Amino acid sequence: MKRKKLIFAILIIFLFSSGLFIQGQDYDVEIQATWGSSGDDFAYSLAVTSNNLFLAGYTNSFAGVGAFLAKFTLSPFNVVWSRGIGITSSAFYDVAIDIANIFAVGYAFIDKSDRPVIIKFDQTDGSILWAQYLYIDPIEQHGRAFSITTLGDYYCLSGFLITKKEIGGIFACFDTDGKLNTRYSLIFSTSGHDVIFYPYGIASFSSNLFLAGNTSDITMRGFIAKYDGTSLLVKTTPDSALQNITSIAVDNTGNLYITGQYSNSILLAKFDSNLNVIYTKIIQVTGNEIGYSIALDSSNNIYIGGR
């Protein structure tokens, strides 16, 4: 990514309600299964088709050590294949699928540096079709890709890079052949290049990309951003009670929803497509919760998964 822009953050303050209290509802578990062995195995993301489930994460007991991707049948629930990438220091954090392929993002340690990575797999047998590793400094850098979304025919990741000369959040979009769309690929930070943006979530609507996450600066605890293909708008908050922004989703009219953690409770906030706050809520169950993932259905009902 040769193209860079300097971003000046626009500060906002989240206004929270006095609290939204909910009561849980029990649901019957249809399938419960484990995958792995006696080692450390972490499932960070999944994707589902009508017949199969794809699971991605980190393992040191199956498919080698490091990032893994596994395919399961749903009925009956069985492993079809599992694949690693042959790199010990690596992990997948998110996945997306099309009709025949699956795209996994995360990081891999290559040439003495951690590089954000996107890899395309064939759904049928798990073979790797291509892999792209992002870097600015080919010798020494640290980086991750956290999340993936689609933008038309492109697959776009979000993450961060730290090098001796450049630090910042990143997003990068690739076509199905692995070619980088330079118009929709940027590294961004503040004017002094001294703040790391961690965009844990990415979403899209129309020709816009939206990102949300945390920063390394305590005066900018969390941020939400919009990129329209030309310019990047970033809004941040200094609210010290905001602990994490972890995920972002878009409804069918272009409104944005984020989740995370605020005062040890689950954060829910809604924005319009220009990043203006519509409402914010805190969801309290026991007083020690965090929302890790947010999604909406076709009726714009909101679902949050967390702890």
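**Review note: salt bridges, sheets and a pocket**

1. Asp111 counts as exposed, with a relative accessibility of 54% (exposed means over 50% relative accessible area, buried under 20%, partly exposed in between, with a 1.4 Å probe and protein chains only). The model is predicted, so local features need pLDDT of at least 70 and side-chain atom pairs count only at pLDDT 80 or more, while totals for chains, interfaces and linings use all residues. Residues are numbered from 1 along each chain as its sequence is written, and side-chain values use heavy atoms, leaving out hydrogens and water.

2. Asp111 has a partner: its side chain meets that of Arg115 in a salt bridge, with an N to O distance of 3.8 Å (the term requires a side-chain nitrogen of Lys or Arg within 4 Å of a carboxyl oxygen of Asp or Glu). Arg115 is buried, at a relative accessible area of 7%, whereas Asp111 is exposed.

3. The structure holds two salt bridges. Besides the pair of Asp111 and Arg115, there is one between the side chains of Asp114 and Arg144, at 3.3 Å from N to O. Asp114 belongs to strand 10 and Arg144 to strand 12, so this pair ties together parts that are 30 residues apart in sequence (strands are DSSP runs of E with at least two residues, numbered from the N terminus). Asp114 and Arg144 are both buried.

4. Strand 10 is also part of an open sheet of four strands, in the order 8-9-10-11, with antiparallel pairing (strands pair if DSSP finds at least two bridges between them). Which strands stand at the edges? Strand 8 and strand 11 (128-133) do; each has a single partner strand, so one side of each is left without a neighbour in the sheet.

5. The contact between strand 10 and strand 11 can be followed residue by residue. Strand 10 covers residues 113-122 and is joined to strand 11 by five bridges; the two run antiparallel. Lys120 stands opposite Trp130 of strand 11, and Ile119 stands opposite Ala131 of strand 11. Strand 10 and strand 11 make a hairpin with five residues between the strands, where Gly126 takes a positive phi near 80°.

6. Another four strands form an open sheet, in the order 4-5-6-7, again with antiparallel pairing. Strand 4 and strand 7 (77-84) are its edge strands, each pairing on one side only. Strand 4 and strand 5 (residues 52-59) run antiparallel and are joined by seven bridges. One pair of bridge partners is Phe42 and Tyr58, the latter in strand 5.

7. What lies nearest the centre of the largest pocket? Asp94, Ser147, Ser247, Tyr292 and Ser293 do, out of 28 lining residues. Strand 4 (41-48), strand 8 (90-97), strand 12 (141-151), strand 16 (197-205), strand 20 (242-250) and strand 24 (291-296) each give two or more residues to the lining. Strand 20 supplies the largest share, six residues. A pocket here is an open set of points on a 1 Å grid where a 1.4 Å probe fits, with protein on both sides within 12 Å along at least five of seven lines; lining residues have an atom within 4 Å of a point.

8. The earlier points meet at this lining. Strand 4 and strand 8 both give residues to it; strand 4 is an edge of the sheet 4-5-6-7, and strand 8 is an edge of the sheet 8-9-10-11. Strand 12, another contributor, holds Arg144, the partner of Asp114.
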